[in-house]
Amino acid sequence: MKTKMSPIKYILLAALCFIKPPGGSPADVPIHRSDFLLNTFVDIAIYDSRDESILDGAMALCREYENRFSRTLSGSEVYRLNHREDATGTYPLSDDMTDLLATALYYCERSGGAFDITTEPLSSLWNFSGTSPSVPPAEAIEEARKKVDYKKLRLDGTRSTLTFLDPGTSIDLGAIAKGYIADQLKAYLLDSGVESAMINLGGNVLCVGSRPDGTPFTVGLQKPFADRNETFAQVEVSDLSVVASGVYERHFVEDGKNYHHILDPKTGYPVQNGLISVTIVCDQGYLADGLSTACFVLGMDAAKPLLEKYDAEAVFVDEDKNVYVTSGLMDKFELMKDG
């Protein structure tokens with residue numbers, strides 16, 4: 001089976017970072033642009049063009065999507081929907097929002113609610129991005145959890161409208177928006193004549209084609225709870241997306257226990273299933289993004305049907321420092337000797 005797990009008991013895997021190729025000719029050195037967008041560090045590198053204006057356009061497009069999909073920016077489309085005047089009304093959507101919501105709701109259903117875009121009441125309550133996050137009162141968590149259910153949204157794709165069926169329902173697209181944006185950036189680069197590039201949206205990596213000489217790109221897997229430059233494993237990919245979800249991305253420790261930002265929609269608390277990280281490799285950014293969250297919530301065994309359905313590969317890491325790699329990824333995956 002494509003998704004048969006092969007255990008490697010050696011070292012932990014974790015989040016992702018962009019690895020630039022060492023040395024080489026000028027043709028191997030990309031032009032690139034970095035900025036802090038989408039509440040993370042964004043880096044876009046182009047290998048087969050020296051046209052800086054393409055990078056300008058890519059960053060502008062990224063800002064445009066941030067201003068549309070952010071749940072915290074007061075002028076964003078998501079913010080306006082969540083702070084709507086009529087609690088159970090119907091609201092018009094932009095074409096991009098309609099497209100993203102249709103995709104997101106599809107994966108909410110396919111994952112049985114393990115992936116759910118209505119977790120905003122919970123994510124706001126836990127506030128992992130705040131200066132001093134703490135465990136909320138159990139009563140508040142239960143109250144917020146009752147508001148979470150993607151079935152309380154009704155999307156009309158033909159009319160580009162979204163109806164809220166419950167006054168407490170609000171949306172958070174953070175678990176899929178970066179993947180969607182990466183796909184849109186790839187389309188923009190291809191339209192601009194670029195066929196060799198890497199898009200890194202805070203560890204959400206999408207490779208456009210391969211390197212100019214036809215060899216795969218190398219995406220490094222970062223050591224957990226460490227600086228993003230500390231990598232100890234790598235995967236070689238061409239024209240694929242690589243996305244990880246883990247307990248070390250946004251987290252805090254209280255009374256000796258680690259609380260992370262991947263929340264279980266059914267309990268309202270951070271997922272506790274023995275996993276430390278899940279990395280997804282597949283051909284679409286939004287799919288890799290959504291699957292990384294859904295598979296983390298589901299756990300390794302329950303995630304296998306999803307991986308098979310969408311022809312995706314994965315790396316699972318558990319608390320006992322066991323690493324499980326799907327068989328289709330084994331020939332592209334390598335642990336560094338000094339990891």
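Q: Why is Val-317 called buried?
A: Val-317 has a relative accessible area of 0%, and buried means under 20% (exposed is over 50%, partly exposed in between; 1.4 Å probe, protein chains only). Val-317 is therefore buried. The residue is found in strand β16, residues 313-318, where helices (H or I, at least four residues) and strands (E, at least two) are DSSP runs numbered from the N terminus. Val-317 and Ser-277 are 5.3 Å apart, C-alpha to C-alpha, with their positions 40 residues apart in sequence.

Q: On what basis should these values be read?
A: This is a predicted model, in which local features need pLDDT of at least 70 and side-chain atom pairs count only at pLDDT 80 or more, while totals for chains, interfaces and linings use all residues. Residues are numbered from 1 along each chain as its sequence is written, and side-chain values use heavy atoms, with hydrogens and water left out.

Q: Why does Ala-114 count as buried or exposed?
A: Ala-114 has 6% relative accessibility and so counts as buried. The residue lies in the loop between α3 and α4. Cys-295 is 181 residues from Ala-114 in sequence, yet the C-alpha atoms are 7.9 Å apart.

Q: What makes the pair of Tyr-65 and Phe-69 stacked, tilted or edge-to-face?
A: The whole structure holds 15 aromatic pairs. In the pair of Tyr-65 and Phe-69, the ring centres are 5.6 Å apart and the planes meet at 15°. Rings of Phe, Tyr and Trp (its six-membered ring) pair if their centres lie within 6.5 Å, and planes under 30 degrees apart count as stacked, over 60 as edge-to-face and the rest as tilted. The pair of Tyr-65 and Phe-69 is therefore stacked. Both residues lie in helix α1 (residues 52-69), 4 residues apart, about one turn of the helix. Tyr-65 is buried at a relative accessible area of 5%, and Phe-69 is buried with a value of 5%.

Q: Why is the pair of Trp-126 and Phe-252 called tilted?
A: The planes of Trp-126 and Phe-252 stand at 35°, with the centres 6.4 Å apart, so this pair is tilted. Trp-126 belongs to helix α4 (residues 120-126) and Phe-252 to strand β13 (residues 251-254), so the pair ties together parts that are 126 residues apart in sequence. Trp-126 and Phe-252 are both buried. They belong to one aromatic cluster with Phe-128, Tyr-259 and Tyr-269.

Q: How do you know that Arg-84 lies over the face of Phe-164?
A: Arg-84 is at 3.6 Å from the ring centre of Phe-164, and a charge sits over a ring if NZ of Lys or CZ of Arg is within 6 Å of the ring centre and within 35 degrees of the ring normal. Likewise, the charged end of Lys-309 sits over the ring of Tyr-310, 5.8 Å from its centre.

Q: Which residues touch the most other members of the largest nonpolar core?
A: Ile-280 and Phe-316 do, in a core of 94 residues. A second, separate core of 9 residues includes Leu-122, Trp-126, Ile-141 and Leu-263. A nonpolar core is a set of buried Ala, Val, Leu, Ile, Met, Phe, Trp, Tyr and Cys residues joined through side-chain atoms within 4.5 Å.
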